[in-house]
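Work through these short exercises with the model open. Try each task before reading its solution.

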Amino acid sequence: MIIEVLAIVFALGLLMFFAYRGYPVIVFAPIFTLLAVVILGNALMTSYTETYMTNAAS
């Protein structure tokens with residue numbers, strides 16, 4: 001449970017840092033999402049296509 005929260009907080013922290021530095025969020029959000037999925041050890045493409053992209057489109 002704690003590793004999931006830490007992975008999400010870490011990815012979100014990186015996204016906020018890069019956004020603060022002026023990098024485009026639209027480019028780095030999927031990258032840091034994939035990073036969080038890799039840290040959690042879940043299936044990479046399944047998590048990306050079924051969870052992230054479905055919620056991003058709605």
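**Exercise 1. Surface and fold**

How much area does the protein chain expose, and what share of it do carbon and sulfur atoms supply?

Solution. Bear in mind that this is a predicted model.
- Step 1: The exposed area of the protein chain is about 4400 Å².
- Step 2: Carbon and sulfur atoms supply 74% of that area.
- Step 3: Turn to the interior. Buried residues account for 17% of the 58 residues.
- Step 4: Add the fold. The chain has three helices and zero strands, in the order α-α-α along the sequence.
- Step 5: Add the dimensions. Along the principal axes, the C-alpha atoms fill a box of roughly 30 × 30 × 15 Å.

**Exercise 2. The nonpolar patch**

Find the residues that make the nonpolar surface patch, and state which helix gives the most to it.

Solution.
- Step 1: List the members. They are Ile2, Ile3, Leu6, Phe10 and Ile39, covering about 490 Å².
- Step 2: Assign the main contributor. Helix H1, residues 2-20, gives the most, with four residues.
- Step 3: Place Ile39. This residue lies in helix H2, residues 25-40.
- Step 4: Classify Ile39. Its relative accessibility is 37%, so Ile39 counts as partly exposed. The class runs between the buried cut-off of 20% and the exposed cut-off of 50%.

**Exercise 3. Met1**

Is Met1 buried or exposed?

Solution.
- Step 1: Locate Met1. It sits in the segment before H1.
- Step 2: Apply the cut-off. Exposed means over 50% relative accessible area. Met1 has 78% relative accessibility, so it counts as exposed.
- Step 3: Compare positions. Met1 and Met16 are 15 residues apart in sequence. Their C-alpha atoms are 23 Å apart in space.

Notes: Residues are numbered from 1 along each chain as its sequence is written. This is a predicted model: local features need pLDDT of at least 70, side-chain atom pairs count only at pLDDT 80 or more; totals for chains, interfaces and linings use all residues. Side-chain values use heavy atoms; hydrogens and water are left out. Patches are made of residues with over 30% relative accessible area and no salt bridge: like charges are joined within 9 Å, nonpolar side chains (Val, Leu, Ile, Met, Phe, Trp, Tyr) within 5 Å. Accessible areas come from the Shrake-Rupley method with a 1.4 Å probe; for residues, only the protein chains shown count as cover. A salt bridge is a side-chain nitrogen of Lys or Arg within 4 Å of a carboxyl oxygen of Asp or Glu. Helices (H or I, at least four residues) and strands (E, at least two) are DSSP runs, numbered from the N terminus. Buried means under 20% relative accessible area, exposed over 50%, partly exposed in between (1.4 Å probe, protein chains only).
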